[in-house]
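Trainee: I would like a close look at one part of this model. Please take a single residue, describe its setting, and then place it in the rest of the structure.

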There are 2 protein chains.
Amino acid sequence: MSDTKDKIVTLADHLVRTKGFNAFSYKDIADPMEIKNAAIHYHFPAKADLGICVIDNEIDKFRESVEKWRKLPEDKQLTKLVEVFHRHGTNGFICLMGSLAPDFETFTDPMKAKVQEMGNVIVSWITGCLENGRAGKRFHFEGEAYDRALLIITNLQSSLILSRVLGPSVFNRVSNRILKDLKP
Amino acid sequence: MSDTKDKIVTLADHLVRTKGFNAFSYKDIADPMEIKNAAIHYHFPAKADLGICVIDNEIDKFRESVEKWRKLPEDKQLTKLVEVFHRHGTNGFICLMGSLAPDFETFTDPMKAKVQEMGNVIVSWITGCLENGRAGKRFHFEGEAYDRALLIITNLQSSLILSRVLGPSVFNRVSNRILKDLKP
DNA sequence: AAAGATACTTACTTACCAGTAAGTATACAA
DNA sequence: TTGTATACTTACTGGTAAGTAAGTATCTTT
């Protein structure tokens with residue numbers, strides 16, 4: 001990926017997380033980069049193309065991260081995931097799913113499919129992490145691992161959103177409780 | 001409130017929950033009501049005025065609901081809250097906080113304050129419900145009631161959002177687990 | 001050196017959006 | 001009956017959005 005294209009995607013990612021997908025325009029990217037909006041259209045003919053690329057980037061980064069954590073015990077792996085969310089939160093960003101899902105109905109079909117893909121990748125990984133962790137006595141919890149994974153991802157996602165409204169302590173309180181509740 | 005004004009607010013509420021605040025326009029309200037966009041500006045000079053009214057409406061409805069549940073045992077009160085979220089979800093709507101918070105940074109100061117007010121009202125109520133419920137042995141949980149309230153509201157909020165992406169079973173799985181986990 | 005691909009800019013179109021100014025119809029009150 | 005408030009419509013502005021067509025500079029390949 002060329003330098004310009006890469007910068008466009010990075011800026012778009014930040015804009016989606018801070019302003020929302022429908023609330024930012026190509027001008028918000030073109031001005032700080034000192035290029036014209038047509039230059040962005042050269043790389044991403046339609047805004048949905050840029051959106052899909054931002055999500056694909058996120059899926060790739062997520063897959064790289066979990067691959068790096070593969071040999072850690074499951075409780076450490078989950079702590080790493082929490083740290084990823086925390087890092088986003090301290091920069092004022094929220095997670096991609098949290099910022100995209102509210103505008104979901106306004107998206108094109110290919111972009112909707114891409115959002116769904118990202119959701120499945122993340123939830124599947126957490127489910128596996130919890131299942132393995134329970135089998136290895138590193139986690140204790142009731143019910144299906146998939147259900148617990150949904151609880152955790154919804155906690156992380158929404159606590160970032162709520163932190164913007166009620167203050168940054170929200171995320172710390174929520175993430176600490178998630179990890180404590182899973183202790184055997 | 002006049003009939004027209006009331007219909008505008010109701011439609012705006014649905015549009016915020018389905019498309020997001022920045023993604024809907026006065027035309028989306030004017031066309032189905034068969035009025036002109038200037039008629040909406042007569043009642044709500046700026047879009048933020050409409051947004052604030054939608055939130056105020058929601059706060060009022062929430063206060064009326066919890067007042068109605070006042071004499072129920074706390075576990076039943078919490079079940080009622082889950083039912084409110086469930087009703088929204090089955091109509092394809094998400095909760096106001098979930099749809100407004102991602103666009104938070106694009107709002108005017110008065111509207112930001114109103115979103116914060118709504119967040120505080122809901123979290124305070126859940127905290128009180130959990131505290132009283134634990135004191136009366138209807139709930140069992142570790143840690144501070146406020147932390148637990150944050151976990152629950154983030155679960156409910158985000159599971160509605162995720163239901164749109166991953167299917168409606170997400171909300172049912174999450175809400176069932178919330179209530180089971182609190183059983184003494 | 002010519003041809004072609006890449007990465008843009010210039011200049012534009014079409015469409016929509018929030019918001020406004022001025023006019024109109026209706027109802028009720030003095 | 002005249003006046004005034006309410007609840008709009010008509011007709012518009014200024015701004016911004018996504019997107020495009022045509023041209024240009026630069027580098028690479030033949």
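Mentor: Start with A:Phe21, which is buried because its relative accessible area is 6%, under the 20% cut-off. This is a predicted model, and the values below are computed from it.

A:Phe21 sits in a loop of chain A, with helix H1 (3-19) on one side in sequence and helix H2 (26-33) on the other. Setting aside residues up to four places away in sequence, A:Phe21 touches A:Val16, A:Lys47, A:Ala48, A:Gly51, A:Leu100, A:Asp103, A:Phe107 and A:Met111. A contact here means heavy atoms within 4.5 Å. A separate distance links A:Phe21 to A:Thr106: the two are 85 residues apart in sequence, and their C-alpha atoms are 9.9 Å apart in space.

The chain around this loop has nine helices and zero strands. In sequence order the pattern of chain A is α-α-α-α-α-α-α-α-α. The radius of gyration of chain A is 18 Å, close to the 16 Å from the globule rule for 184 residues, so chain A is as compact as a globular protein of that length. Along the principal axes, its C-alpha atoms fill a box of roughly 55 × 30 × 30 Å. Of the 184 residues in chain A, 52% count as buried, and A:Phe21 is buried too. Among contacts in chain A with a separation of 6 or more, 65% are accounted for by residues 24 or more positions apart.

The surface of chain A can be put in two figures. Chain A exposes about 8400 Å², with 49% of that supplied by carbon and sulfur atoms. Chain A carries 26 positive and 24 negative charges, and the mean positions of the two sets are 6 Å apart.

A second loop residue makes a useful comparison. A:Gly92 lies between helix H5 (74-90) and helix H6 (96-100) of chain A. With a relative accessible area of 29%, A:Gly92 is partly exposed, whereas A:Phe21 is buried. Not counting residues up to four places away in sequence, A:Gly92 touches A:Thr18 and A:Arg164. The C-alpha atoms of A:Gly92 and A:Arg164 are 7.3 Å apart, although 72 residues separate them in sequence.

Next, a helix residue with contacts in both chains. A:Asn155 belongs to helix H8 (residues 145-166) of chain A and counts as buried at 5% relative accessibility. Apart from neighbours within four places in sequence, A:Asn155 is in contact with A:Val174 and A:Ile178 in chain A, and with B:Leu151, B:Thr154 and B:Asn155 in chain B.

That leads to the relation between the chains. Chain A is superposed on chain B by a rotation of 180° with 0.0 Å of shift along its axis, at an RMSD of 0.0 Å. This is the relation of a two-fold axis. Both copies use the same surface, since 100% of the contact residues of chain A recur in chain B.

A residue of chain B completes the picture. B:Lys61 is in helix H4 (residues 47-68) of chain B and counts as partly exposed, at 44% relative accessibility. B:Lys61 and B:His86 are 25 residues apart along the chain, and their C-alpha atoms are separated by 16 Å.

Conventions
Residues numbered from 1 in each chain as written. Chains lettered and ligands numbered in written order. Predicted model: local features only at pLDDT ≥ 70, side-chain atom pairs only at ≥ 80, totals over all residues. Heavy atoms only, no water. Helix = DSSP H or I, 4+ residues; strand = E, 2+ residues; numbered from the N terminus. Rg over C-alpha atoms; globule rule 2.2 N^0.38 Å. Buried < 20%, exposed > 50% of the residue type's maximum accessible area, 1.4 Å probe, protein only. Areas by Shrake-Rupley, 256 points an atom, 1.4 Å probe, with all protein chains shown as cover. Lys, Arg positive; Asp, Glu negative; His and termini not counted. Charge placed at Lys NZ, Arg CZ, Asp CG, Glu CD. Least-squares fit on C-alpha atoms with pLDDT ≥ 70 in both.
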